[in-house]
Structure formats: structure tokens, C-alpha cells
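Thanks for sharing this one. Here are some notes to read alongside the coordinates, set out as numbered points.

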Amino acid sequence: MLSCGIVGLPLCGKSTVFNVITRAGAEVKPYAGGRTDPNRAVVSVPDARFDRLVSIYAPRKETPASVEFVDLAGLSQGASRGAGLGNAFLSFVENADALVHVVRAFANGEVPHPLDGIDPLRDWQAVEMELIFRDLAVIENRMGRLAAKKKLQPAEEQERLLLEKCQAHLMEERPLRDLELAADEKTLLRGFAFVTLKPELVVVNADDSQTGEGVPGLADLERLGRERGFEVIKVYGAMEMEMAELSPEDQTAFMADLAIDEPGRERLIAAAYRLLGLISFFTVGPDEVRAWTLRDGGTAVDAAGTIHSDLARGFIRAEIVSYDDFAAQDGSKAKLREKGLLRLEGKECPVRDGDIIEIRFNV
Ligand SMILES: Nc1nc2c(ncn2[C@@H]2O[C@H](COP(=O)(O)OP(=O)(O)OP(=O)(O)O)[C@@H](O)[C@H]2O)c(=O)[nH]1
Ligand SMILES: [Mg+2]
């Protein structure tokens with residue numbers, strides 16, 4: 001299963017945001033330090049389409065899509081040089097498939113700030129720089145080894161040139177995810193587990209007393225996000241963590257009181273799923289309605305293999321209907337067939353988010 005690592009400076013509200021997302025009840029405390037082993041939890045991805053399919057089929061079993069979230073210890077400034085948890089922390093980051101970067105906007109006299117005063121843009125930059133330094137250190141290490149060789153093989157020479165290109169980009173304080181790379185270059189870089197190559201979502205953690213324009217740094221980060229292509233989501237961490245523990249009815253009342261239209265939890269999970277480059281396809285029937293996870297760009301035979309390797313091996317055809325067509329015909333196969341909306345596709349047919357699929361196979 002793919003995982004999102006929650007990163008940020010100490011005491012910015014990472015565990016709070018983790019609890020908002022997962023309802024896992026991780027320890028939240030007003031002082032830094034202590035545990036280094038991360039909190040982990042798997043969450044179902046909220047999906048209105050899935051809920052509708054369940055109501056159409058009333059299946060014996062329902063299985064929504066899921067993603068894992070990992071709550072890491074705080075990243076100290078200087079971590080790439082070993083400060084704080086330093087390298088131990090950075091090795092957790094290496095194992096995540098995507099990063100949820102929490103920055104603190106909330107003011108709270110009880111909770112010290114590791115840098116001086118509330119400044120989300122500065123905090124965001126501080127963590128970005130640590131991640132950039134860490135990737136630079138990995139490159140320097142490898143380049144050092146290559147430089148020590150008498151003669152480079154052509155593949156090594158190609159690697160050296162690519163690393164130089166990455167290094168120059170990082171030196172301009174830009175993450176590798178912003179660097180344009182060819183498919184074979186991406187493959188070459190995979191083994192390095194570069195942390196700035198991972199997709200990233202920025203979460204601004206505000207206090208519920210900070211409404212509208214009152215969230216410091218939010219507008220700046222949003223502007224930067226538009227320029228650089230990252231998503232910024234505002235949450236009221238402490239309040240939403242409390243809210244996550246209420247019944248659905250109480251939550252609705254609570255949100256109405258505070259004039260919040262959508263809980264941060266659902267927005268965060270949906271955004272993380274997109275960030276990971278994932279789509280869902282569905283299998284339906286009276287036994288089970290299930291959402292399966294596929295990498296965006298996956299094909300019919302990839303979908304078959306996700307369900308079971310036998311289905312990929314014995315693949316004949318996939319019967320595919322888009323969710324919108326399916327819902328518009330109330331899930332009636334007869335109507336879908338009559339209107340020609342039920343497609344029979346071969347192995348290489350691309351799967352789109354929301355497709356409902358039945359695999360015909362023979363083993
Ligand atoms: N007022 C307010 N306090 C918050 C908010 N979010 C977190 N806090 C408080 O800030 C403190 C730290 O929160 P955590 O979620 O433990 O922060 P963390 O980033 O996980 O901390 P470390 O893991 O120690 O780096 C706790 O005392 C929280 O109650 C918020 O949105 N508003
Ligand atoms: Mg924590």
C-alpha cells in the first residue's frame with residue numbers, strides 16, 4: 001500500500017493533523033522530543049461514487065480504497081547535518097511515497113516555536129531546505145565515488161551527467177520534482193530515493209480563532225503553490241481533531257456553528273490520494289462492492305492484475321463502463337447494453353478514474 005509521510009518542524013501540529021485524518025488518537029503534546037518511531041494508520045478514502053454503488057447493490061461486503069499515513073517526528077533545522085533526529089528522521093521520509101508538509105499558522109502561548117514566532121512561509125522554506133540539503137548530500141556522496149574511479153563506463157558517465165543536472169537544480173534551492181526529467185532519467189534516479197522528488201501537499205495548520213484573512217502566511221503559500229504547482233490546504237487542526245471524535249450529527253452542528261463548509265479530513269485524504277497519482281476503479285456485485293487502487297495511466301490488464309494475478313494471466317477482455325454512465329442508468333446492465341455504453345476492451349485500454357470493470361478471463 002502506498003503511504004504519505006507527514007513532515008514539518010517540531011510542534012507544528014503533525015500528530016494533530018495525523019489524528020484529524022486517521023482518528024488514530026496519536027499522542028499530542030506541547031513539548032518536543034521523545035519518541036522517534038512513527039505513528040502509522042490506514043484510512044479509507046471517502047468517495048461518494050463508492051457510497052452510491054453500495055446503495056445500488058447492498059452487497060454483503062464493502063471494501064473502499066485505502067491509503068496509509070505515517071506521522072513522523074519533527075524535522076529540526078539542520079537535520080541534514082545530523083541535528084535533532086537528523087538522519088533517522090530523513091530515512092523515514094525516504095520510505096514515504098508522498099509528503100504531507102504541515103506548517104504552523106496557529107499561535108498558542110503554551111506551545112514553543114522552534115524558530116522565532118509564527119511565520120509559515122519561513123517554516124515551509126526551512127523544511128524544504130533541509131530536504132534539499134539531504135538530496136545534495138546523497139548526490140555528493142555518489143559523485144565522490146564516481147570521481148574516485150579511473151575510468152567511467154558509459155552508463156556511469158550518463159549517471160554522472162544526470163546527477164550534475166540534479167545538483168545544479170538543487171543548488172538553486174529548487175526541489176527535484178520541479179525538474180523536467182525524461183522517463184529513462186526518472187528510472188535512473190529511482191534508486192536514490194530523493195526526498196525532493198516525492199510529490200508534496202502543504203497543510204497550513206491554523207487555530208480556529210484565525211478566520212479568513214487572519215491566517216498568517218496562507219495567501220503567500222497559496223500564491224507560491226500556484227506558481228510551482230503544489231496544493232495548499234488549510235485545516236483547523238486542534239479543533240478538527242476534537243470534531244473527528246464526535247458523532248456525524250454533532251459534527252454537522254459543530255461545523256454549522258463555526259461556519260465551516262467541509263471538514264478538512266475528507267479534503268486531506270482526497271488530496272493525498274490524488275497526490276500519489278492514484279485513481280480508483282470499481283468491481284460490483286451482490287457479494288462485494290470494492291474500490292481498487294491503480295496508478296493513473298494504468299490499463300485494463302493492470303486493473304486485472306490488481307484484482308488477481310490469474311486475471312491478468314488469463315485476460316480475455318474487460319467489460320468497462322464509466323461511473324457517470326453507470327449512475328445515469330441507475331446501474332441497469334440492460335439499459336447500458338441497449339445504449340452501447342458497456343464497452344468490451346482489450347489489454348491495453350486505459351482505465352479512467354471511476355470505471356466499473358468486469359474482467360473476462362480463462363485460466
Ligand atoms: N491552538 C492550537 N494548538 C494546536 C493546534 N495544532 C496543534 N496544537 C498544539 O500544539 C502542540 C503540538 O501539537 P502536535 O500535534 O503534537 O505537534 P507535532 O508537530 O506532532 O509535534 P512533534 O511531533 O513533537 O514535532 C499540542 O499541544 C497541540 O495541542 C492548533 O491548530 N491550534
Ligand atoms: Mg508529533
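**Notes on the model**

1. Let me start with a strand. All 7 of the 7 residues of strand E5 (residues 98-104) are buried, so E5 is largely enclosed by the rest of the structure. Please keep in mind throughout that this is a predicted model. The two faces of E5 are easy to list: Ala98, Val100, Val102 and Arg104 point one way, while Leu99, His101 and Val103 point the other way, and all are buried. Arg104 and His101 are thus among the buried residues of this strand.

2. Which strands pair with E5? One is strand E1 (residues 3-7), which pairs with E5 in the parallel sense over 4 bridges. Within that pairing, Val7 has His101 of E5 as its bridge partner. Another is strand E6 (residues 200-205), which runs parallel to E5 and is joined to it by 6 bridges. Here Arg104 has Asn205 of E6 as its bridge partner. His101 and Arg104, which point opposite ways from E5, are therefore handy residues to click on when you trace these pairings, because both belong to a strand whose 7 residues are buried.

3. Next, the nonpolar core. The largest one has 83 residues, and Ile6, Val203, Val204 and Ala272 have the most contacts inside it. This core draws at least three residues from each of domain 1 (3-275) and domain 2 (297-361). As a general point, nonpolar side chains tend to be buried together in soluble globular proteins.

4. Val204 deserves a view of its own. Leaving out residues up to four places away in sequence, Val204 touches Val103, Ala105, Pro120, Val215, Leu218, Leu221, Val232 and Lys234. One of these contacts, Val103, is on the face of E5 that also holds Leu99 and His101.

5. On to the ligand. There are 22 residues around ligand 1, and Gly13, Ser15, Thr16, Gly74 and Ala238 come nearest. Helix H1 (14-22) and helix H8 (237-243) each supply at least two residues of the shell. Which helix gives the most? That is H1, with 3 residues. Sorted by class, the shell has 11 nonpolar, 8 polar and 3 charged residues.

6. A word on the overall layout. The chain has 14 helices and 12 strands, and its C-alpha atoms fill a box of roughly 65 × 65 × 35 Å along the principal axes. Of its 363 residues, 35% count as buried. Among contacts between residues at least 6 apart in sequence, 70% join residues at least 24 apart. The domain assignment gives domain 1 (3-275) and domain 2 (297-361), and the C-alpha centres of domain 1 and domain 2 lie 34 Å apart.

7. Two backbone angles are worth a look. Most residues other than glycine have a negative phi. Ala193, although not a glycine, has a positive phi of about 50°. Ala193 lies in the loop between helix H6 (183-190) and E6, and it is partly exposed, with 16 other C-beta atoms within 10 Å. Asp330 likewise has a positive phi of about 50° and is not a glycine. Asp330 is found in the loop between helix H13 (323-328) and helix H14 (333-338). Is Asp330 buried or exposed? Asp330 counts as exposed, because it has 10 C-beta neighbours inside 10 Å.

8. Leu146 is another residue to inspect. Leu146 lies in helix H4 (residues 120-147) and counts as partly exposed, with 13 C-beta neighbours inside 10 Å. Apart from neighbours within four places in sequence, Leu146 is in contact with Leu152, Glu156 and Arg160. The C-alpha atoms of Leu146 and Arg160 are separated by 7.4 Å, with their positions 14 residues apart along the chain.

9. Finally, Val42. Val42 lies in strand E2 (residues 39-44) and is exposed, with 12 other C-beta atoms within 10 Å. Not counting residues up to four places away in sequence, Val42 touches Met1, Ser66 and Glu68. From Val42 to Ile307 the C-alpha to C-alpha distance is 19 Å, and the two are 265 residues apart in sequence.

Definitions and conventions
Residues numbered from 1 in each chain as written. Chains lettered and ligands numbered in written order. Predicted model: local features only at pLDDT ≥ 70, side-chain atom pairs only at ≥ 80, totals over all residues. Buried ≥ 20, exposed ≤ 12 C-beta atoms within 10 Å, placed from the backbone. Pairing = 2+ DSSP bridges. Near = placed C-beta within 6 Å. Nonpolar A, V, L, I, M, F, W, Y, C, P; charged D, E, K, R; others polar. Domains from an automatic or database assignment. Core = buried A, V, L, I, M, F, W, Y, C linked by C-beta atoms within 7 Å. Contact = placed C-beta atoms within 7 Å.
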